[in-house]
Amino acid sequence: MFSPLPSAKAMVPFVSVDNMMRLVHHLGIETVLAELTDTIEADFRRWESFDKTPRVASHSRDGVIELMPTSDGRVYSFKYVNGHPKNTAEGLQTVTAFGLLAEVSTGYPALLTEMTILTALRTAATSAMAARHLAPKGARTMAMIGNGAQAEFQALAMKAVCGIDTIRLYDIDPRATEKAARNLDGSGLKILSCRSAQEAIEGAEIVTTCTADKQFATILTDNMVGAGVHINAIGGDCPGKTELHRDILQRSDVFVEYPPQTRIEGEIQQMAPDFPVTELWKVVTGEAQGRRDGRQITLFDSVGFAIEDFSALRYVRARLPGTDFYQNLDMIADPDDPRDLFGMLLRAKENEETI
Ligand SMILES: NC(=O)c1ccc[n+]([C@@H]2O[C@H](COP(=O)([O-])OP(=O)(O)OC[C@H]3O[C@@H](n4cnc5c(N)ncnc54)[C@H](O)[C@@H]3O)[C@@H](O)[C@H]2O)c1
């Protein structure tokens, strides 16, 4: 005799795109962004307890597909993510992702979830965490250059965590700026649409660059960047894909997630291998200095690191109990006798034939 129904051990909670959106609206997007920022910061504080490796990237002419694993010894996670700047012209996203958490003690998956939305949330939360330590005190205005899929998330995280009240938008495609302005209407942010990157950065204490182009682009040149600003550079995150002129890096104090990955993928790929950088986790723990004074240019050379995804996954997992924002997937084969996997397969056939 056998039960045709999968056992509890076979089931893995799965958060679909629809359920992720329901969860975010249930909690409130600014609450999610603020709580995610704190969750990521808590994991940056225990940085040394994680397994770390640069992500495994498979490059092609059109884009990149990456796997991002990490573990804190109790829980393991990985994210699958792509980056294809040409995709939007074909009606597809530049970045899509999904990810998984597993128990290290058994190797069994504990959560499978969409991560396209979750990546936008965690990237924005990481930006806000960095800005909380590096942006000039009392910063109220952010320039947002590149108004694509990530843009509104970045703006709202800076509002929720850092108290930004004004966003100056610019994109080479005015339709992207119109879209972002429309989406942020009613958010409480003052929105200004600009006609050039130069115009967008006027009066901004924080400048976020979040463009997508598979080349060495120059979104900001040296003469555009005045003393005292914080630059949050999101879009340069692949070999051969940067946004800032190298002279800006020479004048800035550069903060990074994981140097072995950022030296391959970040803005600093343009610099010598020993170009000085500060690891963000050391600023968070107080081991290294963040912003020193009002004239310093700070630059967060963001590429996205696996620990941020780990934090985002464990945040979602903690919010699921008692909700219906997930489905159970029959994902793990669970024979009554763990060594009788083949017998389970045979009995399934018998069952098919008797129905
Ligand atoms: N650092 C991270 O953790 C992280 C996470 C997610 C995405 N990203 C990167 O951020 C970038 C943006 O992602 P997205 O999902 O918003 O992409 P997207 O394609 O939706 O939007 C990119 C926008 O940049 C604009 N753009 C391109 N060149 C420009 C230029 N020269 N000046 C002004 N605007 C320009 C495009 O018109 C488009 O609207 C991508 O490069 C992506 O790889 C980084």
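**Two sheets and a shared helix: a walk through the model**

Let me open in the middle of the fold: strand 14 (residues 252-256) and strand 16 (residues 297-301) run parallel and are paired over four bridges. When I say that two strands pair, I mean that DSSP finds at least two bridges between them. Helices here are DSSP runs of H or I with at least four residues, strands are runs of E with at least two, and both are numbered from the N terminus.

Before going on, two notes on what we are looking at. This is a predicted model, where local features need pLDDT of at least 70, side-chain atom pairs count only at pLDDT 80 or more, and totals for chains, interfaces and linings use all residues. Residue numbers start from 1 along each chain as its sequence is written.

Back to strand 14, then. Is it mostly covered or mostly open? Covered: four of its five residues are buried. Buried means that 20 or more other C-beta atoms lie within 10 Å of the residue's own, exposed means 12 or fewer, and partly exposed is in between, with C-beta atoms placed from the backbone. Phe255 is a nice residue to click on. Its bridge partner in strand 16 is Phe300, and its bridge partner in strand 15 is Thr278. Strand 15 (residues 278-279) pairs with strand 14 in the parallel sense, over two bridges.

Now zoom out to the whole sheet. Eight strands form an open sheet with parallel pairing, in the order 9-8-7-10-12-16-14-15. Strand 9 (190-193) and strand 15 each have a single partner and stand at the edges, so one side of each is left without a neighbour in the sheet. As a quick reminder, strands of a sheet pair through backbone hydrogen bonds, either parallel or antiparallel.

Strand 12 (residues 230-233) is worth a stop. His230 and Asn232 point one way, Ile231 and Ala233 point the other way, and all are buried. Strand 12 runs parallel to strand 10 (residues 206-209), joined by four bridges, with Thr208 opposite Asn232. Strand 12 also pairs with strand 16 in the parallel sense over four bridges, and there Ala233 stands opposite Asp301.

On to the other sheet. How many strands does it have, and in what order? Seven strands, in the order 2-3-4-5-6-1-17, and this open sheet has mixed pairing. Strand 2 (56-59) and strand 17 (327-330) are at the edges with a single partner strand each, so one side of each has no neighbour in the sheet. On average, neighbouring strands of this sheet are turned by 20 degrees against each other, direction ignored. For an antiparallel example, take strand 3 (residues 64-71) and strand 4 (residues 75-83), which pair over eight bridges. Ile65 stands opposite Asn82 in strand 4.

Helix 3 (residues 116-134) packs on this seven-strand sheet, touching strand 4, strand 5 (97-103) and strand 6 (109-114), and its direction makes about 90 degrees with that of strand 6. Axes are lines fitted to C-alpha atoms, for helices over the stretch in contact, and angles between N-to-C directions run from 0 to 180 degrees.

Helix 1 (residues 17-27) shows two sides. Asn19, Met20 and Leu23 are buried. Looking down the axis, the buried residues fall within an arc of 105 degrees, so they line one face of the helix; the arc is that of the directions from the helix axis to the C-beta atoms. Asp18 and His25 are exposed on the other side of helix 1. The buried residues of helix 1 pack against strand 1 (11-15), strand 6, helix 3 and helix 10 (306-319). Gly28 follows helix 1, with a positive phi near 100 degrees.

How is the chain divided into domains? Into domain 1 (8-117 + 308-333) and domain 2 (124-304), with bounds that come from an automatic or database domain assignment. The domain centres, taken over C-alpha atoms, are 23 Å apart. Where the domains touch, domain 1 supplies 21 residues and domain 2 supplies 25 residues, a contact being two residues whose C-beta atoms, placed from the backbone, lie within 7 Å. On the domain 1 side, helix 2 (residues 29-45) gives the most, with ten residues.

To finish, the whole chain. The secondary structure comes to eleven helices and 17 strands, and buried residues make up 44% of the 355 residues. Of the contacts with a separation of 6 or more, 72% are between residues 24 or more positions apart.
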